[in-house]
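Colleague: Could you take a close look with me at the part where the two chains meet? I would enjoy one connected walk through it, with a few words on the cysteines and a proline afterwards.

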Amino acid sequence: MEPILKIDNLKVSFMTSNGEVQAVRGVSFSVEKGEILGIVGESGSGKSVTSMSILHLLADTARIKEGSSIRFDEEELIGAPGKRMREIRGEKISMIFQDPMSSLNPLIPVGKQVAEMLREHHPDISKEEAKKAVLELFEKVRIPEPEKRFKCYPHEFSGGMRQRVMIAMALANKPELLIADEPTTALDVTIQDQILRQLRELEKEYGTSIIFITHDLGVVAELCDRVIVMYGGLIMEEAPIEEIFEHPSHPYTMGLLNSIPDMEQDKSVRLKPIPGSPPDMTNPPAGCPFAPRCPYARKLCGAELPEFIEVGEGHSSRCFLLYPDAPADENNPFRSEV
Amino acid sequence: MSEQNILEVKDLTKHFKAGKKQIVHAVDGISFTLQRGKTLGLVGESGCGKSTCARTIIRMYDPTAGQIVLDGTDITAMKQKELKPYRKKMQMIFQDPYASLNARMTVRDIIAEPLMAHNLVKSKEEANDLVYPMLERVGLTKEHANRYAHEFSGGQRQRVGIARALILEPQLVICDEPISALDVSIQAQVINLLKDFQEEKGLSYLFIAHDLSMVRYVSDDVGVMYLGQLVEMSEADEIYRNPLHPYTKGLLGSVPIANPKLARQKEKSSIEGDIPSPINPPSGCRFHTRCPYAVPECSRVKPELVDVGGGHKVACHLHK
């Protein structure tokens with residue numbers, strides 16, 4: 001089956017007064033139909049820029065480099081005219097963000113805003129029909145008393161409720177792809193749990209593919225089928241969900257997994273943080289971007305960028321230590337058992 | 001007051017006016033004690049009053065009722081002037097390292113300011129003698145001293161915030177969501193730093209966070225708050241292994257598990273709905289509107305926080 005979305009060698013830079021910030025430096029991945037793909041990374045890893053490029057939502061200072069390609073349903077989106085993008089946005093691909101307050105118009109009742117989304121793409125729907133559809137959607141995303149809530153303004157809603165309104169709006173036209181950029185980061189765990197369960201149900205019901213962007217590995221474990229780990233504008237590792245937790249194959253992924261305490265963490269054992277901080281993307285490191293923080297880094301790592309190589313079924317990673325000719329000494333976590 | 005307690009809070013209440021004779025019941029009768037050298041974690045959803053509780057204890061807000069006893073002295077009704085010597089004993093670390101540092105001051109001045117405010121140093125040189133070692137202690141260098149906050153990453157700024165809080169050698173540090181604005185890989189760095197200081201100086205922490213696994217890791221005791229009240233309190237491991245209050249169970253059940261196999265197998269006890277408004281909190285047990293086990297009694301009678309054995313306290317009619 002053809003993937004619904006295929007991104008090839010995406011490179012995005014921002015022109016700033018401090019020079020060119022290379023936010024995304026050659027990212028390729030695809031999303032299958034009905035799949036939930038997680039993109040994990042810290043701030044500045046390029047995960048949001050990647051997702052914003054899909055719907056042409058980048059700031060004016062952004063430049064998508066030549067040779068980049070984003071194909072949705074076999075249609076090239078890079079360079080697509082604004083009119084075509086407006087047809088796609090909200091109809092075929094929709095997006096929800098971290099802060100639902102800034103995504104909603106504070107002066108328009110929420111019901112009307114969701115109805116607008118329907119009528120924008122289906123002008124033949126009458127106002128009454130649109131309202132009926134919105135109330136159904138509200139029910140679906142579990143907004144209590146939909147009839148009453150229809151006329152409320154965003155400020156009358158809690159953060160969790162606003163995010164439900166956003167999800168209702170995003171799903172109004174039954175899109176083929178939903179991009180969710182940290183949609184639960186600003187919410188309480190109880191509300192996050194409710195929203196995650198809902199996304200999973202909606203994915204099952206509509207068969208919508210989801211790209212879920214987050215920094216929280218726990219959320220990824222709960223929701224996603226497959227994960228991409230980004231760092232320094234590059235994909236460092238890509239694997240099916242269970243693989244990434246059971247056999248992480250990049251020192252950065254291992255570092256991330258080690259630095260979060262799980263519920264059963266032994267208190268007498270110190271946490272193992274990743275030392276240092278993420279790289280400055282105005283002047284990205286020549287070699288592997290993680291090399292300055294990597295406990296296993298060698299000379300080569302700082303000088304050259306390793307290839308993204310396959311290490312298992314559907315599992316790829318970008319690390320010299322995984323090369324067939326890598327030295328199998330005590331400083332290689334992937335060869336220690338050999 | 002026992003000698004070993006650095007902080008005793010009794011029936012602490014903080015109400016805010018919200019116009020038109022409406023009252024926000026932000027904190028409603030909270031009691032707990034914190035032992036020297038220990039960490040008490042406070043958890044709960046946003047709007048449960050955990051931050052208000054912290055800010056009232058440190059007397060940023062004037063308490064509506066109740067008692068705050070710091071190191072054997074009742075500071076509840078002290079005027080700001082009287083309070084000053086006690087402020088040295090308690091300091092605070094804030095959530096947002098971008099908002100809590102003055103953008104127009106150098107890092108050196110930010111860290112030296114508490115020393116100046118309390119007249120602990122006479123000259124800039126004297127201050128530097130304390131500031132520079134502190135900078136190094138929190139993992140920064142002397143070279144960072146003359147830079148401004150905007151030149152630092154979030155993790156580095158939080159280190160500056162920690163240095164500022166600890167330069168006065170306080171006995172009690174209130175950490176209000178100290179890591180939630182930081183990247184995952186940086187959070188553990190800051191937690192390790194806080195733990196090292198505690199070991200070294202015998203500090204006591206009141207640690208407020210919504211990351212439940214991190215709270216378990218750092219805390220000796222944990223209190224669970226809901227709508228301004230404590231619903232459960234116990235030794236940290238006990239509360240996570242054996243949660244008694246339906247709210248605690250639901251809260252713990254909502255935490256995503258970083259293990260895909262377990263995450264998909266587990267029978268989840270989660271909580272439906274949103275936290276009600278603290279302007280008109282529900283009668284009786286405030287959790288009864290969302291509680292799957294609620295009985296008629298719950299909406300009428302407020303359950304008291306009672307010890308059900310081994311210091312495990314819970315406020316629920318199902319556990320009496």
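**Where chain B meets chain A**

Modeller: Happy to! Across the interface of chain B and chain A there are 20 residue pairs in polar contact, counting pairs in which both residues reach pLDDT 80 or more. That threshold matters here, as this is a predicted model. On the chain B side, the elements that give two or more residues to the surface touching chain A are α6 (184–201), α7 (212–218), α8 (236–241), α9 (246–254) and α10 (260–265). Of these, α6(B) supplies the largest share, with nine residues. Sorted by class, the side of chain B that touches chain A has 18 nonpolar, 10 polar and 14 charged residues.

As for the extent of the interface, 42 residues of chain B are in contact with 46 residues of chain A. The area buried between the two chains is about 3,700 Å², and carbon and sulfur atoms give 52% of that. Charged pairing appears too: the count between chain B and chain A is three salt bridges. One of the salt bridges joins the side chains of A:R270 and B:D196, at 2.5 Å from N to O. B:D196 falls within the residue range of α6 (184–201) of chain B.

Now to the cysteines. A disulfide is a covalent bond between the sulfur atoms of two cysteines. A search of the whole structure finds zero disulfides over all chains. For A:C294, the nearest cysteine sulfur is that of A:C319, 6.3 Å away, while a disulfide would need the sulfur atoms within 2.5 Å. A:C294 counts as buried, because its relative accessibility is 16% and the cut-off is under 20%. In chain B, B:C175 is in no disulfide either, with the nearest cysteine sulfur, that of B:C53, 14 Å away. B:C175 is buried as well, at a relative accessible area of 0%.

Finally, the proline. A:P240 lies in strand β11 (residues 234–240) of chain A. With a relative accessible area of 27%, A:P240 is partly exposed. A:P240 and A:V227 are 13 residues apart in sequence, yet their C-alpha atoms are 6.2 Å apart in space. Setting aside neighbours within four places in sequence, A:P240 is in contact with A:D225 and A:R226, and also with A:E313, A:G314 and A:H315.

Notes:
Residues numbered from 1 in each chain as written. Chains lettered and ligands numbered in written order. Predicted model: local features only at pLDDT ≥ 70, side-chain atom pairs only at ≥ 80, totals over all residues. Heavy atoms only, no water. Contact = heavy atoms within 4.5 Å. Buried area = accessible area lost by both parts, 1.4 Å probe. Salt bridge = Lys/Arg side-chain N within 4 Å of Asp/Glu carboxyl O. Polar contact = N/O pair within 3.5 Å; in protein donor to acceptor, adjacent residues only side chain to side chain. Helix = DSSP H or I, 4+ residues; strand = E, 2+ residues; numbered from the N terminus. Nonpolar A, V, L, I, M, F, W, Y, C, P; charged D, E, K, R; others polar. Buried < 20%, exposed > 50% of the residue type's maximum accessible area, 1.4 Å probe, protein only.
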